[in-house]
Amino acid sequence: AKLCLLHIPLAKGKKAKASFVQTYKAPEHFCNIMLTSSQYRKKHMKALVKVPAALAGSIKVTPYKFTENITLSSETHPNGSVTYTVEATDLEPWRYESRAPEASTDSPKIIITGQFADAPDLYRHFLRYLDTADVDSREITDIAGMLRAKASSDEALIDSTAAWVRQNIRYLAVEHGEYAFRPASAAEVIRSRAGDCKGSANLIKALLRKNGLDGRLAWVGTKGDIAFDWDEVPALCSGNHVIAACLHRDSIIYLDGTTTWASPGYIPPSIRGRRVMIEDGDNCIITNVSETGREADTERISADFRISDNDLAGEIKVRLGGVAKMSLLSSMAGHEPRHRMNIAGRYISYPKKNTETDDIRIDADLSRDEVVITAAVRETNGAQKIGDRIYIDLKPIRDSFLTVADTTDRTHDYVLPFGYTAEYDFTVKLPDGYRPASLPEPVGIDNEWHEASLEYTETEGTLRCRVCISAKELRVPLHMLPGRNEAVRKLLRAADTKLVLTPA
């Protein structure tokens with residue numbers, strides 16, 4: 001982080017002036033200028049981009065998400081140089097709002113291109129940062145040999161290589177190297193047992209190549225953080241992440257070294273479908289990362305309850321896949337067993353506050369797609385008896401993403417970070433002589449953003465609620481948010497309804 005302190009005498013009615021000068025020693029880094037700030041409203045703003053005559057034919061300045069109060073003009077001078085002028089009035093700050101798009105993708109800015117002719121030209125710039133020498137580290141050779149000896153096939157070796165790096169190399173986002181673009185060598189990553197995305201990817205590549213596999217580096221811009229594709233805007237601002245890729249038979253296998261708790265073959269949402277630039281000698285391969293993986297982002301919870309005094313008591317099973325699995329295991333990493341149990345207990349209890357858990361068991365085998373948590377649970381006051389009636393507060397929807405967005409003074413669209421599927425299956429054994437006075441009608445929603453259903457049934461003395469929720473389109477335009485909210489409310493109302501048991 002950098003902090004700039006200005007010593008400016010301020011007096012009422014008087015103007016003060018401050019100048020900021022930033023020098024780019026590598027002009028290719030000067031590729032986008034954010035016009036808004038996070039704190040201040042700009043009553044009047046003026047920005048000049050002066051392009052010398054020698055570059056005037058190649059450098060382009062392009063507006064991005066300009067509003068009606070922002071203008072861009074240019075003036076060509078007699079000596080051939082060009083000055084681009086951006087002026088804005090009453091430019092509102094970029095306010096933080098829950099689940100809003102990032103400023104990096106939605107805030108007004110100007111884009112400077114022309115430092116590179118096209119995406120392959122940009123790739124050749126990246127190529128100069130790569131260490132092309134063979135990796136002859138004894139430790140890398142030993143690790144590669146150990147991984148080969150344990151693998152039953154090349155496919156298993158590719159997965160286990162990425163898994164070894166994720167589990168043994170601590171992610172450290174301190175971007176060393178020339179202008180933060182030169183990856184640390186594989187030997188250095190092994191020595192320090194730490195690295196950023198570039199270092200981890202470089203180590204995966206080195207280990208794969210030691211075992212005769214075609215490991216390569218690949219550059220990508222993560223979803224939600226980067227607004228452009230490489231071939232759309234061939235500039236450094238079109239990427240922010242490096243992964244490894246293995247060209248194997250007729251497939252490209254993508255391996256992100258930073259997804260510590262990922263299952264074999266899992267592709268995180270941040271890079272799914274994104275445009276990727278893959279190392280290919282003096283050339284490059286530009287393609288799209290596979291969309292595979294969304295079906296693995298799951299939360300499945302089942303519970304069998306009985307009524308005990310005024311409580312719901314029973315057994316619960318939580319199965320988490322993909323992002324949910326990685327998020328939970330990440331939150332537990334580095335903690336003592338007692339604290340890991342507390343974290344699991346809080347997850348099980350959501351959204352109820354008065355829940356006790358016991359005998360928590362966590363099965364976190366990384367070779368499987370899901371982490372499984374089982375526990376004994378008691379939900380206090382989940383089945384209150386008043387007179388001869390019993391009121392059951394089941395709350396079968398435990399989805400923390402399915403919430404009603406606050407639209408008060410909201411200025412931005414609403415965005416979910418990833419698509420997912422949530423399934424809940426709860427049963428309650430009814431006391432002898434009791435049955436539901438009535439059951440809510442089945443509820444379903446099917447719109448651009450969610451497909452969901454909730455249904456209560458009662459069979460042979462057992463009350464059952466089944467819920468399925470699938471997130472579809474992740475971005476809700478601001479003007480459509482009230483409609484999305486109403487559909488969510490409809491489902492949540494049905495889930496929050498207290499069920500009444502009466503004597504048969």
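**Close-up 1. Asp154 and its partner Arg148.** In this predicted model, Asp154 is partly exposed, with a relative accessible area of 25%. Its salt-bridge partner is Arg148, and the closest N and O atoms of the two lie 3.0 Å apart. Arg148 is partly exposed as well, with a relative accessible area of 32%. Side chains of opposite charge can pair when their charged atoms come close.

**Close-up 2. A salt bridge within helix α5.** Here the side chains of Glu188 and Arg191 meet, with 2.8 Å from N to O. Why are these two separated by about one helical turn? Because they sit three residues apart in helix α5, which covers residues 186-192. Look at how open each one is: Glu188 is partly exposed at 32% relative accessible area, while Arg191 is exposed at 58%.

**Close-up 3. Arg398 meets Glu379.** The side chains of Arg398 and Glu379 form a salt bridge, at 3.2 Å from N to O. This pair links distant parts of the chain, 19 residues apart. Arg398 belongs to the loop between β19 (389-392) and β20 (414-415), whereas Glu379 is in strand β17 (residues 370-379). Are the partners buried or exposed? Arg398 counts as buried, with 3% relative accessibility, and Glu379 is buried too, with a relative accessible area of 2%.

**Close-up 4. A network of shared partners.** Salt bridges can also be followed from one residue to the next in this view: Arg300, Arg319, Glu370 and Glu423 are joined into one network by salt bridges that share partners. For the wider picture, a search of the whole structure finds 31 salt bridges.

Notes:
Residues numbered from 1 in each chain as written. Predicted model: local features only at pLDDT ≥ 70, side-chain atom pairs only at ≥ 80, totals over all residues. Heavy atoms only, no water. Salt bridge = Lys/Arg side-chain N within 4 Å of Asp/Glu carboxyl O. Buried < 20%, exposed > 50% of the residue type's maximum accessible area, 1.4 Å probe, protein only. Helix = DSSP H or I, 4+ residues; strand = E, 2+ residues; numbered from the N terminus.
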